[in-house]
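Biologist: Could you walk me through this one slowly? I'd like to know what the labels really stand for.

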Amino acid sequence: NHTVSINQLGLRNRDIAPGKRSDVQRVVFLGDSFTFAKAVQSHDIFPSLVETRLNQAGRFEVINAGVPGYGTAQELLLMKELAGKEIVGDVYVLMVFVNDILDNLRLDYGNLQETPARPGFALLVDGELKQVAYPRKEYSESLVPSQERHTGFVTLEVVKRQLASFVQPRPWLASLINNMGFEQKMPRMPGVINGLYRQEVLEAGIPLTKALIKEVQAEAARVAAELGDS
């Protein structure tokens with residue numbers, strides 16, 4: 001057991017003073033639940049480990065700006081929100097994971113339906129990014145506690161999850177099921193993998209994600225910072 005502390009900005013980090021200091025280099029990690037890392041003690045999360053290592057050679061402050069469930073679009077908006085509060089970095093590190101493609105398209109992992117709680121951007125014909133979706137007070141099934149969501153027999157749920165796990169590492173089987181017209185409702189990770197097998201997801205999601213990363217880079221340049229990705 002350990003304590004997860006959230007600061008005044010809603011981040012898993014110590015309190016942060018606005019403005020830059022000339023004698024301290026500030027590194028901001030943008031990411032999702034892997035960066036937030038609720039299962040790990042604060043001194044063992046990788047932003048803390050990076051800060052310890054960097055401070056062996058200079059003076060650094062590392063900010064963990066990871067938020068569970070965020071995709072690149074939300075990380076971009078958070079970056080801008082923090083800049084508006086004078087919380088800016090000298091270096092930004094953008095963490096990227098495969099589910100960011102589905103997150104940026106605002107698609108539920110299991111059934112690929114719109115998730116209205118997410119903000120979203122569209123990539124226009126001329127290559128411009130435009131925010132077209134704003135969070136609505138409606139929530140996807142994945143955000144409802146399991147004891148309220150599952151009304152069937154526990155045994156049936158176990159069987160469904162076992163089948164989903166069986167399909168997950170077998171793209172040919174997932175594609176076959178899709179081609180037969182059956183809807184696959186999967187838990188989170190199998191749902192991510194299943195969604196990424198679909199050509200229409202890749203064709204829409206990859207260019208959008210690349211454009212969002214480019215916009216994060218432009219925002220870093222606007223505040224005179226560098227952008228790294230991982």
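Here is our chat about the labels and where they come from.

Modeller: Before you ask, this is a predicted model, where local features need pLDDT of at least 70, side-chain atom pairs count only at pLDDT 80 or more, and totals for chains, interfaces and linings use all residues. Residues are numbered from 1 along each chain as its sequence is written, and side-chain values use heavy atoms, with hydrogens and water left out.

Biologist: Okay! Why is R106 called buried or exposed?

Modeller: Buried means under 20% relative accessible area, exposed means over 50%, and partly exposed is in between (1.4 Å probe, protein chains only). R106 has a relative accessible area of 10%, so R106 is buried.

Biologist: And what makes M180 count as buried, partly exposed or exposed?

Modeller: M180 is at 53% relative accessibility, and over 50% is the mark, so M180 counts as exposed. M180 sits in the loop between α7 (171–179) and α8 (188–196); helices (H or I, at least four residues) and strands (E, at least two) are DSSP runs, numbered from the N terminus.

Biologist: Where does G127 fall on that scale?

Modeller: G127 comes out at 45%, which lies in between, so G127 counts as partly exposed. G127 belongs to the loop between β4 (120–123) and β5 (129–133).

Biologist: How do you know that E215 and K80 meet in a salt bridge?

Modeller: A salt bridge is a side-chain nitrogen of Lys or Arg within 4 Å of a carboxyl oxygen of Asp or Glu. For E215 and K80 the N to O distance is 4.0 Å, so the pair makes the cut. E215 lies in helix α9 and K80 in helix α3, so this pair ties together parts that are 135 residues apart in sequence.

Biologist: What about R136 and E114, what makes them a salt bridge?

Modeller: Their N to O distance is 3.2 Å, so the pair fits within 4 Å. E114 also meets R106 in a salt bridge, at 3.6 Å, N to O.

Biologist: Why is a set of residues called a nonpolar core?

Modeller: The name goes to buried Ala, Val, Leu, Ile, Met, Phe, Trp, Tyr and Cys residues joined through side-chain atoms within 4.5 Å. The largest core here has 27 residues, and L11, L30 and A65 are among those that touch the most other members. Helix α3 gives the most to this core, with six residues.

Biologist: Which residues are in the second core?

Modeller: That separate core has eight residues, including L102, L107, L112 and V192.
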